[in-house]
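Subject: Structure handover

Hello,

Here is the structure I promised to pass on. Please open it alongside this email, and then read through my notes below.

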Amino acid sequence: MARVVTQEDFVADALKKETADPAQHRALKPGLSLFDSGTIVAGSMIGSGIFIVSADISRQVGSPAALLAVWIVAGLMTIAGALAYGELAAMMPEAGGQYVYLREAYGGLVAFLFGWTLLLIVQTGTVAAVAVAFARFGGVLWPGLRSELWFGAGGVGLSGERLAAILVVAVLTWTNLRGLNLGKMVQNLFTSAKLLSLLMIAIVGCIFARNPHAIAANFGSASAFFGTRPVDLGFAAAFGAAMVGGLFSADAWASVTFTASEIRNPKRDLPLALTFGTGIVILLYVLVNISYMSELPVSGVAGGATVFTRGISHATGDRVATAAMEMVWHGAGAPITAILVMISTFGCANGLILTGARVIYAMAHDGVFFSAAGRVNRASVPAFALVIQGVWASILTLSGTYSELLDYVIFAQLLFTW
């Protein structure tokens with residue numbers, strides 16, 4: 001005789017499944033305030049670019065006015081994008097952010113391509129690049145962190161620099177596996193430190209330690225400030241090429257939308273975090289570039305040697321911040337700058353690792369990634385997604401130099417962002 005299944009049987013079966021696999025019933029938990037969200041925006045934006053790319057921009061455009069114009073235009077584009085994303089974030093406060101917006105606007109295929117591009121190229125490639133930058137500037141303090149390969153072929157292999165980069169990825173992945181609270185504490189600490197660092201560079205260069213020779217060379221006359229290059233199609237092409245560095249340095253602000261379901265009041269806090277976070281960073285970027293030009297002529301920013309009464313300084317190896325700080329603190333300028341860049345890149349990598357795993361989590365819930373990535377651990381974070389992301393980012397650190405990793409990332413990044 002067949003047994004009659006009662007309501008009590010259903011309840012007992014559900015309890016048995018929950019006991020057997022409690023991870024299935026855990027989910028991401030809201031734990032991010034407006035301040036936490038803002039530090040994710042600012043911390044993900046500020047990596048190593050502001051300390052380096054002004055050299056290449058100066059070589060492209062050749063005048064102080066055009067250098068500042070590149071940063072201002074890149075900043076306005078960034079803020080416009082942030083305002084648009086703020087509207088989307090308020091309407092769709094779900095884990096995955098940009099992935100969800102693309103899915104709802106253009107369908108599953110575009111979202112699928114974005115998610116896999118983010119995992120294989122954009123997010124992990126950027127994590128690898130900033131980790132390598134951390135290790136490279138760490139080499140100023142610890143000479144053993146060299147770029148020469150211990151073993152490998154064709155530029156692919158392991159070196160002291162790349163080993164240190166892998167350790168950075170591993171430490172930050174482990175930190176975020178411990179829970180959202182620890183991850184956001186690291187983000188808040190390092191973002192606050194690097195915002196204060198950029199403010200210090202701006203104040204010191206613009207107010208307390210101005211170089212009169214550099215100021216005369218850059219701001220002494222209209223021809224010095226605007227340059228003598230005609231504004232034609234050639235200049236427009238150079239300006240467009242220079243924008244790449246500015247846009248890359250101001251990118252990754254959208255990463256905060258990946259954590260939308262973990263923000264306590266996403267409809268209010270996400271738009272505010274995007275607006276104020278991007279606005280503060282862009283303002284600091286412009287002020288820092290004015291500071292550079294208060295210490296170095298534009299030719300010195302670009303890398304050409306220039307003699308001053310206080311010594312010779314130029315941005316060798318595109319290390320603009322180092323050259324400017326050496327004008328202020330002389331021999332101590334290089335280690336001071338190295339510490340500032342290491343703080344900046346460490347915080348940037350943490351923000352990217354924290355947020356990127358949430359896209360993989362959302363993909364798993366849509367059935368376009370391994371189902372394990374859609375589960376969370378006892379600390380309510382997507383552990384499998386974090387580990388997969390960390391492993392691939394570590395592999396990418398073995399594949400090339402900082403500039404090669406940026407070339408790997410930049411086209412795909414701009415394709416989906418702009």
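R59 is partly exposed, with a relative accessibility of 44%. Its partner in a salt bridge is D56. The closest N and O atoms of these two residues are 3.6 Å apart. D56 is also partly exposed, at 33% relative accessible area. Both residues belong to helix α4, which covers residues 54-61. They sit three residues apart, about one turn of the helix. Please keep in mind that this is a predicted model.

**Other salt bridges**

How many salt bridges does a search of the whole structure find? The count is eight. Side chains of opposite charge can pair when their charged atoms come close. Two further pairs deserve a look.

Start with D366 and R103. Their side chains meet in a salt bridge, at 2.8 Å from N to O. This pair links distant parts of the chain, 263 residues apart. D366 is in the loop between α16 (333-365) and α17 (383-397). R103 is in helix α6, residues 98-106. Is D366 buried or exposed, or something in between? D366 counts as partly exposed, because its relative accessibility is 35%. R103 is partly exposed too, at 21%. That value sits just on the partly exposed side of the cut-off, since buried means under 20%. The pair is also part of a wider arrangement: E94, R103, E104 and D366 are linked in a network of salt bridges.

Next, E161 and R136. Their closest N and O atoms are 3.1 Å apart, and the two form a salt bridge. E161 lies in helix α8 (residues 160-177) and R136 in helix α7 (residues 108-141), so the pair ties together parts that are 25 residues apart in sequence. The two partners differ in accessibility. E161 is buried, with a relative accessible area of 5%, whereas R136 is partly exposed at 38%.

**Aromatic pairs**

The structure holds 11 aromatic pairs. Take Y85 and W253 as one of them. This pair is edge-to-face, with 5.0 Å from centre to centre and 75° between the planes. Y85 is in helix α5, residues 64-91. W253 is in the loop between α12 (233-249) and α13 (266-295). The pair links distant parts of the chain, 168 residues apart. Both rings belong to buried residues: Y85 has a relative accessibility of 13%, and W253 has a relative accessible area of 2%.

Now turn to W116 and F369. Why is this pair called tilted? Its ring planes are at 45°, so the pair is tilted. The ring centres are 5.1 Å apart. W116 is in helix α7, and F369 is in the loop between α16 and α17. They are 253 residues apart, and again the pair links distant parts of the chain. W116 counts as partly exposed at 27% relative accessibility. F369 counts as buried at 10%. Both residues belong to one aromatic cluster, formed by F112, W116, F369 and F370.

**Positive phi angles**

Two residues have a positive phi although neither is a glycine. For A252 the angle is about 80°. A252 lies in the loop between α12 and α13. A252 is buried, with a relative accessible area of 14%. For S380 the angle is about 65°. S380 is found in the loop between α16 and α17. S380 is buried as well, at 8%.

**A pocket**

Last, a pocket. The second largest pocket has a volume of about 180 Å³. It is lined by 13 residues. Which of them are closest to its centre? These are F35, G38, T39, G277 and I280. The elements that give two or more residues to the lining are α2 (34-45), α9 (180-208) and α13. What kinds of residue make up the lining? Eight are nonpolar and five are polar. No charged residue is among them.

Best wishes

Definitions and conventions. Residues are numbered from 1 along each chain as its sequence is written. This is a predicted model: local features need pLDDT of at least 70, side-chain atom pairs count only at pLDDT 80 or more; totals for chains, interfaces and linings use all residues. Side-chain values use heavy atoms; hydrogens and water are left out. A salt bridge is a side-chain nitrogen of Lys or Arg within 4 Å of a carboxyl oxygen of Asp or Glu. Helices (H or I, at least four residues) and strands (E, at least two) are DSSP runs, numbered from the N terminus. Buried means under 20% relative accessible area, exposed over 50%, partly exposed in between (1.4 Å probe, protein chains only). Rings of Phe, Tyr and Trp (its six-membered ring) pair if their centres lie within 6.5 Å; planes under 30 degrees apart count as stacked, over 60 as edge-to-face and the rest as tilted. On a 1 Å grid over the protein atoms alone, a cavity is a set of points where a 1.4 Å probe fits but cannot get out, and a pocket is an open set with protein on both sides within 12 Å along at least five of seven lines; lining residues have an atom within 4 Å of a point. Grid points are joined across faces, edges and corners, and a volume is the space filled by probe spheres set on the points. Ala, Val, Leu, Ile, Met, Phe, Trp, Tyr, Cys and Pro count as nonpolar, Asp, Glu, Lys and Arg as charged, and the others, Gly among them, as polar.
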